Amino acid sequence: MDIILVPGFWLDASSWRHVTPPLVAAGHRVHPVTLPGLESPDAPRAGIGLRTHVDAVTALVDSFDHPVVLVGHSGGGAVIHAVVDARPERVARAIYVDSGPLADGVAVNDELPTEGDEIPLPDWGVFGDADLVGLTEQLREEFRDRAVPQPLGTAVEPQRLQDERRYSVPVTVITCEFTREELEGWIEAGFPQVSELARIADVEYVELPTGHWPQFSRPAELGEAIAAAVDRG
């Protein structure tokens, strides 16, 4: 299977480098993505929005002549959900890593501190304790050294969806800083943050207890969880 790996904010394709070995060992072909504006600290970021990232990943999906698996971490979850909406017949499974499908009209995160057209990686104090579980001082230093400012538009531009066939694409949610029980409780309570997830016909939950960045704190286990989800599909 061809697996497209979409990183979350501040990260490029190399952030998946310790996740991919179990996928390759299982016989899959992996395609980690560097999204527009994340190529380097000096890359231009003005005018890049969520749709820019969605269009880039949609073009990659279109380059294959068969269905693919999409994996999105954090803000990358919003990207892959919009790609599922754009190409529901071309996605065999969508896998959300400590994230989920973002509803129409909602922005990924419009509360992060900004500088001009970009959002630098904030101080660690901006994040909650649950986000940082497993992120040792060494990993934090490595993360900050590799972090690229996020284009502002990708965080504040609203999601746009239009094809309800997206609800028929199978989904795996790999939960890290929350449990399956908590997530199912939010769905039952009708929380708006999980309104899209509640409408998907085929959803499975896989718990991988750690913080918000399992590609750093538990990369091998994350790779194995993705491979298992693909195999079950």
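These are my notebook entries on the sheet, salt bridges, pocket and cavity of this structure.

**Entry 1: the model**

I am working from a predicted model, so everything I jot down here is computed from it.

**Entry 2: the sheet**

I began with the strands. In what order do the strands of the open sheet run? I read S2-S1-S3-S4-S7-S8, six strands with parallel pairing. Strand S2 (29–32) and S8 sit at the edges, each pairing on one side only. I also looked up the turn between neighbouring strands of this sheet, which is 20° on average with direction ignored. A reminder to myself: strands of a sheet pair through backbone hydrogen bonds, either parallel or antiparallel.

Next I zoomed in on one pair. Strand S3 (residues 68–73) and S4 run parallel and are joined by six bridges. I followed two of the partners across: His73 has Val97 of S4 as its bridge partner, and Val69 stands opposite Arg93 in S4. How much of S4 is buried? I found six of its seven residues buried, so S4 is largely enclosed by the rest of the structure.

**Entry 3: Arg93 again, this time by its side chain**

Arg93 caught my eye in the sheet, so I checked its accessibility: Arg93 is buried, at a relative accessible area of 9%. Which residue does Arg93 form a salt bridge with? The partner is Glu204, and the closest N and O atoms are 4.0 Å apart. Arg93 belongs to strand S4 (residues 91–97) and Glu204 to strand S8 (residues 203–207), so this pair ties together parts that lie 111 residues apart in sequence.

**Entry 4: the other salt bridges**

I then asked for the total. How many salt bridges does the structure hold? The count is 15. The general idea is familiar: side chains of opposite charge can pair when their charged atoms come close.

One that I noted within a helix joins Arg140 and Glu137, at 4.0 Å from N to O. These two residues are three apart in helix H4 (residues 137–146), which puts about one helical turn between them. Are the two partners buried or exposed? Arg140 is buried, with 19% relative accessible area, just on that side of the 20% cut-off. Glu137, at 54%, counts as exposed.

Another one links Glu164 and Arg199, whose side chains meet at 3.6 Å, N to O. Glu164 is in the loop between helix H5 (152–156) and strand S7 (171–175), while Arg199 is in helix H7 (residues 195–199), so the pair ties together parts 35 residues apart in sequence. Glu164 counts as exposed at 51% relative accessibility, whereas Arg199 is partly exposed at 47%. I also marked one network, in which salt bridges with shared partners join Asp62, Arg87 and Arg90.

**Entry 5: the largest pocket**

On to the empty space. Rolling a probe the size of a water molecule over the atoms shows where such space is left. What is the volume of the largest pocket? I get about 1,100 Å³. There are 35 lining residues, and those closest to the centre of the pocket are Asp98, Ser99, Gly100, Val108 and His212. I looked up which helices contribute: helix H3 (76–86), helix H6 (180–189) and H7 each supply at least two residues of this lining. Sorted by class, the lining has 21 nonpolar, eleven polar and three charged residues.

**Entry 6: the cavity**

I searched the whole structure for cavities of 30 Å³ or more and found one. The largest cavity holds about 50 Å³ of space. Which elements give two or more residues to its lining? They are helix H2 (50–62) and H3. Residues lining the cavity include Pro7, Phe9, Leu50, His53, Val79 and Thr154. Val108, which I met near the centre of the pocket, is also one of the residues lining the cavity. By class, the cavity lining divides into six nonpolar and six polar residues, with no charged ones.

**Entry 7: a last look at Gly37**

Where is Gly37 placed? I located Gly37 in the loop between S2 and H2. Gly37 is buried, with a relative accessible area of 1%. I also checked its separation from Glu118, 81 residues away along the chain: the two C-alpha atoms are separated by 9.4 Å.

Note on methods: Residues numbered from 1 in each chain as written. Predicted model: local features only at pLDDT ≥ 70, side-chain atom pairs only at ≥ 80, totals over all residues. Heavy atoms only, no water. Helix = DSSP H or I, 4+ residues; strand = E, 2+ residues; numbered from the N terminus. Buried < 20%, exposed > 50% of the residue type's maximum accessible area, 1.4 Å probe, protein only. 1 Å grid on protein atoms, 1.4 Å probe; cavity = no way out; pocket = protein on both sides within 12 Å on 5 of 7 lines; lining within 4 Å. Points joined across faces, edges and corners; volume = space filled by probe spheres on them. Nonpolar A, V, L, I, M, F, W, Y, C, P; charged D, E, K, R; others polar. Pairing = 2+ DSSP bridges. Axes fitted to C-alpha atoms, helices over the stretch in contact; angles between N-to-C directions.
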